[in-house]
Structures are given as C-alpha cells and as structure tokens.
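Biologist: Could you take a close look at one part of this model for me? I'd like to hear about the place where the two chains meet, and then whatever helps me put that in context.

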2 protein chains.
Amino acid sequence: MAKELVFGHQNPDTDAIAAAIAASYYLNQKGMDTEAVALGKTNDETNFVLDYFSVEAPRVIEKADTKEVVLVDHNETAQSVSNIEDLTVTHVFDHHKIDFKTSSPLFYHAEALGSTSTILYGFFKKDGIEIPKKIAGLMLSGLISDTLLLKSPTTTNVDRDVIGKLASIAGVDDVNAYGLNLLKAGTNLSKKSEQDLIDGDAKTFKFAGKTFRIGQVNTVDIPSVLERKEALKKAIIAENEKQGFDGFLFVITDILNSNSKALYYGSEPDKIASAFNGKFVDDSIDLPGVVSRKKQIVPPLTDLFH
Amino acid sequence: MAKELVFGHQNPDTDAIAAAIAASYYLNQKGMDTEAVALGKTNDETNFVLDYFSVEAPRVIEKADTKEVVLVDHNETAQSVSNIEDLTVTHVFDHHKIDFKTSSPLFYHAEALGSTSTILYGFFKKDGIEIPKKIAGLMLSGLISDTLLLKSPTTTNVDRDVIGKLASIAGVDDVNAYGLNLLKAGTNLSKKSEQDLIDGDAKTFKFAGKTFRIGQVNTVDIPSVLERKEALKKAIIAENEKQGFDGFLFVITDILNSNSKALYYGSEPDKIASAFNGKFVDDSIDLPGVVSRKKQIVPPLTDLFH
C-alpha cells in the first residue's frame, strides 16, 4: 500500500480528480510513495473525461488509512476526509481561500489561479518532470471544468497560457470543441434525482459559527431546472434538517450565457440576499454574471458574516 | 508610497528582516510595487548583519497603512501587524506551522525548510531573477540565524545546499567564521534588561483557547542568564498580568552545545512540563538537545492541547 494518499475535496469535480492523479504522479517522480484516491464517486463530466483519456477512476475512500496525506484542490476540514483531524497533512496544492491549521510546518502552495491543475503544471515545469499524455489530458480537463472554458472570472493569464500547453501534450487539437463537449457532459440533469442535484457539487462552509451548504449545478437551460423547484425545496429542507445546516444556497449556472439563479432555504434569507444586493422572490434570486462559487459567492458571504 | 507593505513577524529576528527585504525586491522585480517594513526594532544580531552588508534597517510600523500586504516568516494573526484583520493578504512566504484564514484565494507558499530566506532563494532561482549581493548577504544571514549555522533540527538538505550558493553571491568566503560571529552578536545579554530579554524574540501562541507566550534567547552561557532568575520571574509575571497571557515559557538556548533550559510562569505547569516529559524544578526544566521553538517546543505543546 502507498505510504500517503492524495485526494481532492468531497463531491469531487473534474479538477479535484485530475489534480489528485497529477499530484500523486508528480510526488512519486520526486521520490515519494503516494496513491491518488477520491472522496466520492466521479460525476458525469469527470466520467466523460476519464473515458476520453482511458483512465480508471481513482478508488473511493471513506477514511484515510495512512498516517500522512496530501490535499489537493481544497484545504478546509469540512471539505476533507472524515478522519482528517487524526492525520498529518504533508502537502497542500490548492487555489481556494484558506482556512487551515496545523501543529507542524508542511509544504503548502496555493495560488489564485483558475484550477489546481494549472498550479501543478507549474510544478512539473519547474522541476523538469515530463507530463504523461493521459495526465495532461486530465489536467487540461480540470482547467476547462474549473474555468468554464476560460469564461469564469477566476481565469488568469496563466490559465490562458497553460491551456494550450496541456492541450498540445494531451493531443487535443480543438480545445473549444473538446471543452464544450466536456462541459455539456456535466449538464444532463434530467436523469438525476433532486437529491443527486443538491449533493452533486455541494460544499460546506462555516461563516461566524454557522454552517451553510452551497451547491451548484451547471446547465444550458435554467428554466428546466426551476421546473423542479418544489421537489428541490423538499430535498433541501430535508437535507438542512438531517445535516444541521443553517442554510442551503443552490446555485443553477447557465454555462453558455454565464449567468446564475439561486434558490435558498434556511435562516436569515434577507441577510444572505443582501450579500448579492438582491432579494429572494419565491425563494429565488437572479445572479447576473455570476458563474464562480469561489470568486463571486463565497467571498461576499464571508464578508457579510465577518 | 508603495502599494503593498511586506513584513515579517513582531519582534523580528534576522530571517524576518532578511525575508521581508528579499521578498519585496523579488516581488518588485515581478512588477509589483512593495516596500519592506518591520513590526519592531531590529535586534543586536540583525544589526550586526545590517552593518556588515551596509543595509539600512527597514522602517518600523505600528499599523499597515496600505490595503494589501505580504506576510513573510509568519502567518498567524497573533504574530502579525495590529490591524491585520482589516487588510487583504496577497502573498505569504513562510516556513512555520499554519493557522490562517482568508475570504479569498491568494498566493501562499510554505515549506518546512530551515528559513524563509531559503524558500525565497528557490523563487529567485525558478524565475531567473538575479539576487543582488547585499540581499544575498541578508538571506544568508537569515538562513544561518534560523538554523543556528545548520545545527538546528529544522535544517534540511535544501538549506545545506542553498547556504553555499548565497555565501558565494554575497562574497562571504568563510561561512563558519561569519556565522559564529553573527550568532555571538545576538548573545550579548548582559547589557539587556529583563524586560528586553523576555520581549526579545517572544511570540504568542493560542492553544485550545488559551494564550501562551514563548520567548527564546540564544547564549553561550546558560548559567549567567539563570543568575538573573528572580528578576526574570518578576518581569514575566508582570507581563502575564499586563497582557493576559495564561503562561510564559522562557527558553534559554546554548547555541554552542545545542541545549536549552526553560523557565515557566503561569497556569498548569505540570501539564506544560509533561509535553517535554519532564517536571519544573524551581520553575526550571532541562530541555536537552532542544534548540528549535518551531520544531521542538511548539509541536509538543500543540499536541498536548489538541
């Protein structure tokens, strides 16, 4: 068994899976003994990517059975493996806000780039380690997924530079066509239950001692998701009660037009809405131009509760 | 005025000052507009270094008057500038344990290397930015100071490699002779008041909601410091009352023989002593082989209160 497990956040998205596989490969080339695993089943978008590049999904773990672990694409306890408090984190590669505490120094690298895959590209390059074609394909896909094909406001010039380099190593000639297929693969919501929709990409955040859940689905057709509002409401309220969430914000993002609508069920709706300079009407709020939870949803909520 | 201030921790040591100056220079070469400042007066050891390389001490600030700041050689709020909660941290370069929280993504690089100067050397190298001779001299000194001339258990192979490279750029031919002079410059404790001794390199730590102060002085003669025990005790107890510290551990380190003795005044002395598998006798405990607060004192205390 590998000495260290490498994993992304719970409810893994494509960047979490790609970064875990890429970071594990990178660290092994540097002499470590690691294995990439996942804190949950891969989603439809990631399955499209794994199929495309013929890579097996990492095995799913409930608890880490190694003493030492590497975190990618997250750092907060609430988003990590269940027994994280008993483990030693030796490395973090991440591009999110930080809420992190350790008792010893460690390797921690975060940058406000579009994806963790973009950050890892920099480490491969710095150390002159060649990226295998399949891993470059995964990293390309993590970058496309997290930046919505460079349309998200989280996109940086580094991402715009790295996407071409990864595409070239991965042998993807038409990045736009590949990227749209990838994003669309994650938008087939009709087959999914309401529970699947609200679980899909949801993350837990702590603001001023309260626990909020923020979910997000990508679609090309917001109205078709909103047709299921009553059933979503029921699922969200049940989830709040079951998990003890103070509130649940469910963001429905139109990836073609770069807009979102959000549903909210929980305490202090007016306060939550004020973070976005709006009001909930029938539990729903327009979020024009909003596509990034990390850059456009979490920071105003953090500031609101600060 | 520069748009961003760059600073190390309160009660700056040589690495905090060197890293601030080096990081500011590095970031300015990358196109930023920063100024290195200090959160306190430079100590005797650092003054020796600044004299040696003819560099002016950075100006001392009480509060940061820029919106954005860069932290070097620390990350914890309790060790940072007084108005840190109102500022946006854009970059962190550090080699300590992490207790850090932000509302937005940022650049954060930490590695368990011997000094922050060692880490910055890697960034200069990665980006092909030449290190000016004087700045290399400061970085060399930060590395020597933090690793006690490579004798501290925090020393890594990277430090052993980088020390020669910095010495060569800085034009220091005999690193050992220079390093011993540097370390000795910080051990002239006889002219210092007890208040100066306990303030000197002290840092505040939060363990399980309690506030502890851990000070450290380097010496070549522990008994001569212990002769002042009654006066030190008085100063420490007064400081605990004034600042509301739950306890104060004052570590006296023999830099030639790599041993320490510590005095402790505050609550739960038996619990504190148990972290080091010992007992306080006349408020004092032997810490054989202990020279590093970061690696040999803070982690057992953190684990104790976990």
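Modeller: Here is a walk through the contact between the chains, followed by the domains inside one chain and one loop residue. Keep in mind that this is a predicted model.

Let's start with the chain A and chain B contact. Each partner puts in a similar share of the list: 25 residues come from chain A and 25 residues from chain B. Together, chain A and chain B bury about 2,200 Å², and carbon and sulfur atoms give 58% of that. On the chain A side, look at Ile98(A), Ser103(A) and Pro105(A): they supply 27% of the area that chain A buries against chain B, more than any other three residues.

Now for the charges. There are 2 salt bridges between chain A and chain B. Lys101(B) makes a salt bridge with Asp99(A), and the closest N and O atoms sit 3.6 Å apart. You'll also find 7 residue pairs in polar contact across this interface, counting pairs with both residues at pLDDT 80 or more. As for which elements take part, strand S5 (99–101), strand S6 (107–110) and helix H11 (293–305) of chain A each supply at least two residues to the side that touches chain B. By class, that side of chain A divides into 9 nonpolar, 8 polar and 8 charged residues.

Next, stay within chain A. The domain assignment gives domain 1 (4–185) and domain 2 (194–305), and their centres, taken over C-alpha atoms, are 25 Å apart. In the contact between them, 16 residues of domain 1 of chain A meet 19 residues of domain 2 of chain A. The area buried there is about 1,600 Å², with 57% from carbon and sulfur atoms. Asn11(A), Leu148(A) and Pro153(A) lose the most area on the domain 1 side, together 30% of what that side buries. Between these domains the rule finds 0 salt bridges, but there are 5 residue pairs in polar contact, both residues being at pLDDT 80 or more. The domain 1 side has 6 nonpolar, 7 polar and 3 charged residues.

UniProt, in an unreviewed entry, lists residues 179–305 of chain A as "domain: DHHA2". That span is 41% helix and 28% strand, and its end C-alpha atoms lie 36 Å apart.

Finally, hop over to chain B, where Arg228(B) lies in the loop between helix H8 (222–226) and helix H9 (229–243). Leaving out residues up to four places away in sequence, Arg228(B) touches Leu189(B), Ser190(B), Lys192(B), Ser193(B), Glu194(B) and Leu197(B). Glu194(B) is 34 residues from Arg228(B) along the chain, yet their C-alpha atoms are separated by 8.0 Å.

Methods
Residues are numbered from 1 along each chain as its sequence is written. Chains are lettered from A and ligands numbered from 1 in the order in which they are written. This is a predicted model: local features need pLDDT of at least 70, side-chain atom pairs count only at pLDDT 80 or more; totals for chains, interfaces and linings use all residues. Side-chain values use heavy atoms; hydrogens and water are left out. Domain bounds come from an automatic or database domain assignment. Contact means heavy atoms within 4.5 Å. Buried area is the accessible area (1.4 Å probe) that two parts lose on being put together, summed over both. A salt bridge is a side-chain nitrogen of Lys or Arg within 4 Å of a carboxyl oxygen of Asp or Glu. A polar contact is a pair of N or O atoms within 3.5 Å; within protein, one must be able to donate a hydrogen and the other to accept it, and residues adjacent in sequence count only if both atoms are side-chain atoms. Ala, Val, Leu, Ile, Met, Phe, Trp, Tyr, Cys and Pro count as nonpolar, Asp, Glu, Lys and Arg as charged, and the others, Gly among them, as polar. UniProt positions are given in the numbering used here, feature names are shortened, and annotations may be inferred rather than shown by experiment. Helices (H or I, at least four residues) and strands (E, at least two) are DSSP runs, numbered from the N terminus.
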